[in-house]
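Let's take a friendly walk through this model, starting at the ligand and moving on to the pockets and the backbone. Please keep the viewer open as you read.

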Amino acid sequence: MKPDNIRAGGKIGSSAVSGDAGASHVPVLLDEVIHWLAPRAGGRYIDCTVGLGGHLSAILEASAPDGRALGIDLDADALSLAGERLRPFGDRVVLARDSYRNLARLVRWHGLDPVDGILVDLGVSSLQLDQAERGFSFRNDAPLDMRFDRTTGLTAADLLATVDESELAAILFRYGEEPRARAIARAIVAERQRRPIKTTGELARLIERVVGRSGRAHPATRAFQALRIAVNGELDAIEAMLPQAVELLAPGGRLVAISFHSLEDRIVKQFIAEASRDCICPPETPVCVCGHRATLRRLTKSVVTASSAEVARNPRARSAKLRAAERI
Ligand code: SAH
């Protein structure tokens, strides 16, 4: 199937969002991304999560005058704003509305392989959190949607209406690390027998009734994270993308990943650790039988986090964790 792609500055679908592109999402760890990705003139770069194009415009500036880039995102509204913001770069950049789980196919379609750098900045953009009707936030009462791609798949409300109680408890526990997962799942199933749970406010109030309020974060924070990860199959998508990234990188090409919670960071960390080792046989194996050869060299010895000055300017940076590796 032909990827749904557009030139920067082009229009995608019938997006209702307009306005000051980029003003509502400040890219996190921007200096660190440029440092570790080290874009250069003539290079080819992929931004797997272009969002509002903050990182990608810095990558294009750093690879002037002729570096090229592909920006991918599932969200048509974000891509439309990114397209406006990246218009000055003309045909140096192409945007694709797709999932980064199809990374290899997209990059090959655009004839950009092998690539010199791949960035993935996981999670939700501030634009998505601020658009109440997307249903990512419980700050406003809005339909429980939570899909990055609003054209397909089940919404969070659909999931809550159909999932069995034990599976729901597993989702809340696994993806939200929610200690009260079982109690919340039981309450949701009891409630939906009376009436469907359709809005962020209904869900947030229900969870607050079950677990009460303590500490600074809203008691529904973990459950909202868990549902978003489940609705979008986020961890599977990361796991599917990382090996494709390695395959696409030229020797010396770099992978930079920013994650926002421990589940994502663990996947990235373990993937880089394993890909950086020559042998992955269990330690008790006397002689190597796996034949595994390192394909990556780890660049960040420990995880990179935002400075206190950046966190003060941009609270979203507080939980950001960056890791980088280079293709051997
Ligand atoms: N770096 C961006 C912000 C990215 S926010 C900037 O500087 O503006 C994360 C983005 O990832 C969101 O726009 C979200 O829609 C997108 N996203 C999440 N899962 C995705 C997937 N599987 N494929 C492509 N994009 C995805």
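## Polar contacts of the ligand

In this predicted model, a polar side-chain atom of His 55 lies 2.8 Å from a nitrogen atom of the ligand. Gln 128 also brings in its side chain, with a polar atom 2.8 Å from an oxygen atom of the ligand. Gly 54 takes part through its backbone, where an N or O atom lies 3.3 Å from a ligand oxygen atom. How much of the ligand does the protein bury? Taken alone, the ligand exposes 590 Å², and the protein buries 98% of that area.

## The shell around the ligand

If you would like to select the surroundings in your viewer, 21 residues surround the ligand. The closest of these are His 55, Asp 73, Tyr 100, Asp 121 and Gln 128. Sorted by class, the shell holds 10 polar, 7 nonpolar and 4 charged residues.

Where does the ligand sit in the ranking of pockets? The space taken by the ligand is the second largest pocket, so the largest one deserves its own look.

## The largest pocket

Rolling a probe the size of a water molecule over the atoms shows where empty space is left. The largest pocket holds about 1,200 Å³ of space. Its lining is made up of 28 residues, and those nearest its centre are Leu 129, Thr 221, Arg 316, Arg 318 and Ser 319. Helix H5 (126-130) and helix H10 (221-232) are the elements that give two or more residues to this lining. H10 gives the most, with 4 residues.

By class, the lining of the largest pocket has 11 nonpolar and 11 polar residues, together with 6 charged ones.

## Backbone features to check

Most residues other than glycine have a negative phi, and most peptide bonds are trans. With that in mind, here are some spots to inspect in the backbone.

The peptide bond from Ala 64 to Pro 65 is cis, with omega near 5 degrees. Pro 65 is found in the loop between helix H2 (54-62) and strand S3 (68-73). The bond from Asp 113 to Pro 114 is cis too, with omega near -5 degrees, and Pro 114 belongs to the loop between helix H4 (103-109) and strand S5 (115-121).

Which sign does phi take at Ala 38? Phi is positive there, at about 50 degrees, although Ala 38 is not a glycine. You can find Ala 38 in the loop that runs between helix H1 (30-37) and strand S2 (44-47).

Key:
Residues are numbered from 1 along each chain as its sequence is written. This is a predicted model: local features need pLDDT of at least 70, side-chain atom pairs count only at pLDDT 80 or more; totals for chains, interfaces and linings use all residues. Side-chain values use heavy atoms; hydrogens and water are left out. A residue is near a molecule or strand if one of its heavy atoms lies within 4 Å of it. A polar contact is a pair of N or O atoms within 3.5 Å; within protein, one must be able to donate a hydrogen and the other to accept it, and residues adjacent in sequence count only if both atoms are side-chain atoms. Accessible areas come from the Shrake-Rupley method with a 1.4 Å probe; for residues, only the protein chains shown count as cover. On a 1 Å grid over the protein atoms alone, a cavity is a set of points where a 1.4 Å probe fits but cannot get out, and a pocket is an open set with protein on both sides within 12 Å along at least five of seven lines; lining residues have an atom within 4 Å of a point. A molecule sits in a cavity or pocket if more than half of its atoms lie within 2 Å of its grid points. Ala, Val, Leu, Ile, Met, Phe, Trp, Tyr, Cys and Pro count as nonpolar, Asp, Glu, Lys and Arg as charged, and the others, Gly among them, as polar. Grid points are joined across faces, edges and corners, and a volume is the space filled by probe spheres set on the points.
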